[in-house]
Amino acid sequence: MKRFVTAVMRHETNTFSPLPTPLANFGRSGANAGPIGGEDALRAYRNTNNPVAAFIDLAQEAGAELVFPIAANAVPGGRVTDDAFETIAEAICNGVKAGCDAAFLDLHGAMVTQSLDDPEGELLRRLRRIAPDLPIAVALDFHANLSAATITNATVVTGYCTYPHIDMYETGVRAGRTLLRALNGEIRPVMAWRSLPMLTHMLRQTPLEQPMKDIMDKAMAAERNGSVLNASVFGGFPLADIPHAGLAAVVVAEKRSRAEALVDDLLAMAWQRRRDFVFTSEPMAVSIARAKELEGGPVLLVDHGDNAGAGGSQDGMAALGEVMRQGLKEAAAGPIWDPAAVAAMFKAGIGAQMTLDLGGRTDMPEIDLKGEPLKVTGTVRRLTDGRFLITGPMMTGSEVNLGRTAVLDTGKIEIVVSEERFEPFDQGIFTHAGIVPAAKKFLLIKSRQHFRAAFEGVARHIVLVAGPGVCSSDYSLFPFKKLRRPCYPLDPDMTLA
């Protein structure tokens, strides 16, 4: 019987976020504080829309023993602590040291630690030192900042082809099946890759629309028609001040020349369209005023400057304050991250009338932004444990734990407040608290693209709202120091060497 090792190490690090990411944060599922492993990890991830779920199924299909030393998955935030990375990496390395025939890794690709700009590459370097000839498959997020160390030390690399990420399981299948074919001697894969000095705006990255659609379609078509084994395009994560941030492509093939030709074609298309990857925001008050005049609902107000899914604090109150100032009603908002407010509402109990200084507890010194709480008055309408299963198309079947969660009803707006941060890409953030999104005129959420997975289908209108925060689309706000330069669009007149 063959022995496979699988593991999860996922974090998208916004290096401008003031929120550190310790080991305890690496446990999204259930009641676990910190990572899980073994049978707990198998139970948490089996039959979910995650790459590692595909690895679990492929191991069973191959009749292999599967060792699952650790699953570590944290909500995006600031730099990962060194001790958290070392703990996770040691568990994975020890799993390989015990002996195995292949490794199947579910990584993000945009993690940054206190000391390392490329911890995924470092993990793979360590594994390669332990087992120089070990076949290694890696599934990466669409927002991975691809590095030479990742490619050099892996056998197969694939990335999500969607944003919102609804093909996470499929990405695991793509990487895993190619590696199994190599393991069985059917193919001898090689990889070609390249990264552009180009920070695309996340609101212009989705393969659902141009300018990315044709590029990703070309990659996926090449994989489907068999001209290459795998082809992936990575939008990159632009809020990481590291040398290898940027748009990239990787192609797995049996002929290096074919892989290199496709990489060149994909990146030539991206560079030619570079101006189309720039998103220009309108003033927040203008967006909300425009939304107020729209007929029918729900009208989805998307605060993209303070998105937990890109490392935002999720307690910025500017957008909610403007919604209240302009008098929008029949609305729901959230989740707002404020453990202190949740504690106060739980202490007061359902039905209590309260005035709270809500949110605004996080200062963001990298962009010279001070947190400003918003004074709100309302009734504590509901109290929950914050747990629900995702039923939408992204990470389907995974359990979410928002921590204790409370709903404050101002009469015009029901505000969901939680102890933990979480990007609202599933309606469960509202429905678990008794709020029906389709019944509201306005929904204010903090997201960029992932909201589309579950909310686009119920929204009559979508209005993007440029609230302040460390996820802003205005790159001039960020003091980049390590980024390779020149880099588009920070250096708009640059040319490629």
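Let's start with helix 9 (residues 284-292), which lies across strand 10, strand 18 and strand 19 and runs at about 165° to strand 19. Lying across rests on contact, meaning heavy atoms within 4.5 Å, while axes are lines fitted to C-alpha atoms, for helices over the stretch in contact, with angles from 0 to 180 degrees between N-to-C directions. Helices (H or I, at least four residues) and strands (E, at least two) are DSSP runs, numbered from the N terminus. Keep in mind that this is a predicted model: local features need pLDDT of at least 70, side-chain atom pairs count only at pLDDT 80 or more, and totals for chains, interfaces and linings use all residues. Residues are numbered from 1 along each chain as its sequence is written, and side-chain values use heavy atoms, with hydrogens and water left out.

The sheet under helix 9 comes next. Here 8 strands form an open sheet in the order 12-13-16-17-11-18-10-19, with mixed pairing; two strands pair if DSSP finds at least two bridges between them. At the edges are strand 12 (353-358) and strand 19, each pairing on one side only. From one strand to the next, the twist averages 30°. Inside the sheet, strand 16 (residues 405-409) and strand 17 (residues 413-418) run antiparallel and are joined by 5 bridges. Val407 has Val416 in strand 17 as its bridge partner.

Just past strand 19 (461-465), in the segment after it, you'll find Pro468. Why does Pro468 count as partly exposed? Because its relative accessibility is 39%, and the scale calls a residue buried under 20% relative accessible area, exposed over 50%, and partly exposed in between (1.4 Å probe, protein chains only). Not counting residues up to four places away in sequence, Pro468 touches Met284, Gly305, Asp306, Ala318 and Leu369. For a sense of scale, its C-alpha atom and that of Val96, 372 residues apart along the chain, are separated by 44 Å.

Ala318 also turns up at the second largest pocket: 16 residues line this pocket, and Gly316, Met317, Ala318, Lys370 and Glu372 lie nearest its centre. Its volume is about 220 Å³. Helix 10 (residues 318-325) gives the most to the lining, with 3 residues. On a 1 Å grid over the protein atoms alone, a pocket is an open set of points where a 1.4 Å probe fits, with protein on both sides within 12 Å along at least five of seven lines; lining residues have an atom within 4 Å of a point. Grid points are joined across faces, edges and corners, and a volume is the space filled by probe spheres set on the points.

Now for the interior. The largest nonpolar core has 75 residues, and those with the most contacts inside it are Ile215, Leu247, Leu300, Phe422, Phe430 and Phe455. Such a core is a set of buried Ala, Val, Leu, Ile, Met, Phe, Trp, Tyr and Cys residues joined through side-chain atoms within 4.5 Å. Helix 8 makes the largest contribution to this core, 8 residues. Leaving aside neighbours within four places in sequence, Phe422 is in contact with Ala308, Gln314, Pro335, Phe388, Ile390, Val400, Leu402 and Ile429. Apart from this core lies another, of 63 residues, among them Val5, Ile70, Ala144 and Ile187.

Helix 8 leads to a second sheet, since you can follow it across strand 7, strand 8 and strand 9, at about 20° to strand 7. This sheet is an open one of 3 strands in the order 7-9-8, with antiparallel pairing. Strand 7 (190-195) and strand 8 stand at the edges, each with a single partner strand, so one side of each has no neighbour in the sheet. Neighbouring strands are turned by 10° against each other on average, direction ignored. Between strand 7 and strand 9 there are 6 bridges, with Trp193 opposite Val250 and Ala192 opposite Val251. Strand 8 is joined to strand 9 by 5 bridges, and there Asn230 stands opposite Val252. Strand 9 is largely enclosed by the rest of the structure, because 6 of its 6 residues are buried. Ala248, Val250 and Val252 point one way from it, and Ala249, Val251 and Ala253 the other.

Strand 4 (residues 102-107) is mostly covered too, with 6 of its 6 residues buried. Ala102, Phe104 and Asp106 point one way, and Ala103, Leu105 and Leu107 the other. Strand 1 (residues 3-10) pairs with strand 4 in the parallel sense over 6 bridges, and Val8 has Asp106 as its bridge partner. Strand 5 (residues 136-140) also pairs with strand 4 in the parallel sense, over 4 bridges; here Leu105 stands opposite Val138.
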